[in-house]
Amino acid sequence: VDSLRSVGLDPSVERETLGLDPSGGDARNRRAAAVTASEHAHDGAQISAAGGYVLVTAAAGPDWKPPERLSARAVADAKRGREEEERNEAERNEADRPRGRGEGNRTPGARRSEEPKGGDGAVASETATTREEDRGGDPGEIDSDANSAMGDFLDDFEDLGVDAGAPVMRTVPVADNDDDEDELDNLPPYRVHPSPAEVASGAPSASTIAAAADSLARNGFVVLEAEDGSGLVAPVCLDSALAASDGYLDRLLAAAKAKGLRVDSDIFRFAELCSRARGGRRFDVTAERRRCGNGGSITNGGSITLPPRPYPTSDDESASATATDAWDGLRRVADPWVSPALLGSGLMVEDDGSHGATFGVTAVGCVTSLPSAPEQHFHADGRERGIVNVFVPLVDVPASMGPTHFLRGSHAWDHDSPYLTREQRRAREGAEEVVPELRRGSILMYDYRVFHRGGANLTGKRRPVAYVMYARNGTEDTWNFPDESVWDPDSTGAG
């Protein structure tokens, strides 16, 4: 309040909301209030329902650069400091915290894996820092770390009890709900280990199917691996898919570079290749996207086929076909483990139960994180029940390579709510975050609605994870793979 008044504005505090009166004060105050209102008029209903907020705006000229305290380096340093504090706090609390029944790493809050000292981790960290500094201070390129910093401020601001004429006091956080803790403790293990006999036969038993289906339905994800932690897919199949995926990605990136794109930093979308975050260094390569049902999906008797493309050379066409055949081979090997679990989970049954489970494969592909790829923010891939993604890592994925983080049970959250109440936000903040490290050839299935994020790749190696997408008839993938091909001479990647 004092800061706003020091620049000539006259803020008011009403019902714990700080704002500017559009009808009171001098002309400058009214203009500032009008700008604030007009900038976010489209959010009016949501803002009103949430109790309001404060927005501070400023005019920035074309030559404006952020002050040092808001530079990419300063934001990154601040973020690392926060994470270190959270990590230390989590470690102090871990001894007194009962572990959930799920296996693997439990990471309270936003705890992240410790970066290894020296070696590839140190090189990756230096590369990532240099890349942040190279972005400069262009206001249009303030990255996700800055957004995270602003989000942290707004979270803190919400916890302040504001009363005009009285000191600002921080309110007491809402106490954890014991019922939520009980629900967390009652979730099933998310790792399922078939017996050696099942692995040898390539088919799961009834008990394995039931355990996998239960975890997928209640946790929102499940990891299938042998009792000794090894994968379920034969190494020869993985080796073929790894070579084909790497070779095809190299050709796609070369084609994107030929269009003038900076593949390490630009956002671009083609029918075959997508990079969805600035500086993400994470690429989704796909053979095709189909709508499930009406003959569009692939069943056990079918196969993935490629639409005709204007390939510049026969080698490009061959690389595309080889990768597609390799991914389709993984699909066939994984399906005996996947389809029974999908049937048992109930996810592929119509919402009203009027029809049986009908589903098929709508896509195959590979997501590759390059060295120094940063971690993603938590997100859900879609809102509709009945889409499940199946990951088959082509290499071992330890903590340093950035395995996928999951929030257990988050697929059951209300994804359509226009805003979160404080109680809902507290409940989500208390969700258990788990980070399953994976062995190559293991099978990870997750509900499209579960909140997850890819971890940071702190090594000097690529992290390729092949995937197979299953969908209930009538559902559709929400990912935006456009029709525009990277091989089309006139394509731009704008998507």
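The following paragraphs describe helix packing, nonpolar cores, aromatic pairs and two individual residues in a predicted model. Local features require pLDDT of at least 70 and side-chain atom pairs count only at pLDDT 80 or more, whereas totals for chains, interfaces and linings use all residues. Residues are numbered from 1 along each chain as its sequence is written, and side-chain values use heavy atoms, with hydrogens and water left out.

Helix α11 (residues 314-345) offers a starting point; helices here are DSSP runs of H or I with at least four residues, strands are runs of E with at least two, and both are numbered from the N terminus. Two packed helices are described by the angle between their axes and the distance between the axes. The axes are lines fitted to C-alpha atoms, for helices over the stretch in contact, and angles run from 0 to 180 degrees between N-to-C directions. Helix α10 (residues 235-258) packs against α11 at an angle of about 145 degrees, with the axes 8 Å apart. The crossing of α10 and α11 is left-handed (the near helix is turned anticlockwise from the far one by less than a right angle; clockwise would be right-handed). On the α10 side the contact (heavy atoms within 4.5 Å) involves residues including L238, A241 and Y248, and on the α11 side residues including A326, W327 and L330.

Helix α9 (residues 206-218) also packs against α11, at an angle of about 60 degrees and with the axes 8 Å apart. That angle makes α9 oblique to α11 (under 35 degrees counts as roughly parallel, over 145 as roughly antiparallel, 65 to 115 as roughly perpendicular and the rest as oblique). The crossing of α9 and α11 is right-handed. Here I209, A212, A213, L216 and A217 of α9 meet P340, A341, L342, G344 and S345 of α11.

S339 also lies in α11. With 15% relative accessibility, S339 counts as buried (under 20% relative accessible area; over 50% is exposed and in between partly exposed, with a 1.4 Å probe and protein chains only). Beyond its neighbours within four places in sequence, S339 is in contact with F359 and Y470.

The largest nonpolar core has 55 residues, of which W327, L330, L342, I443, M445 and Y470 touch the most other members. Such a core is a set of buried Ala, Val, Leu, Ile, Met, Phe, Trp, Tyr and Cys residues joined through side-chain atoms within 4.5 Å. Not counting residues up to four places away in sequence, L330 touches V233, C237, L238, A241, V392, L394 and A466. A second, separate core of 18 residues includes V223, V397, M401 and V434.

L394 is found in the loop between β12 (387-393) and β13 (405-407). Its relative accessibility is 0%, so L394 counts as buried. Outside its neighbours within four places in sequence, the contacts of L394 include L238, A241, L330 and A466. The C-alpha atoms of L394 and P235 are 9.0 Å apart, although 159 residues separate the two along the chain.

The whole structure holds 10 aromatic pairs (rings of Phe, Tyr and Trp, the last by its six-membered ring, with centres within 6.5 Å). In one of them, the rings of Y190 and F221 have centres 5.3 Å apart and planes at 45 degrees, so the pair is tilted (under 30 degrees is stacked, over 60 edge-to-face and the rest tilted). Y190 lies in the loop between α7 (178-185) and β6 (191-192) and F221 in strand β7 (residues 221-224), so the pair ties together parts that are 31 residues apart in sequence. Y190 and F221 are both buried, and they form one aromatic cluster with F391, F406 and Y446.
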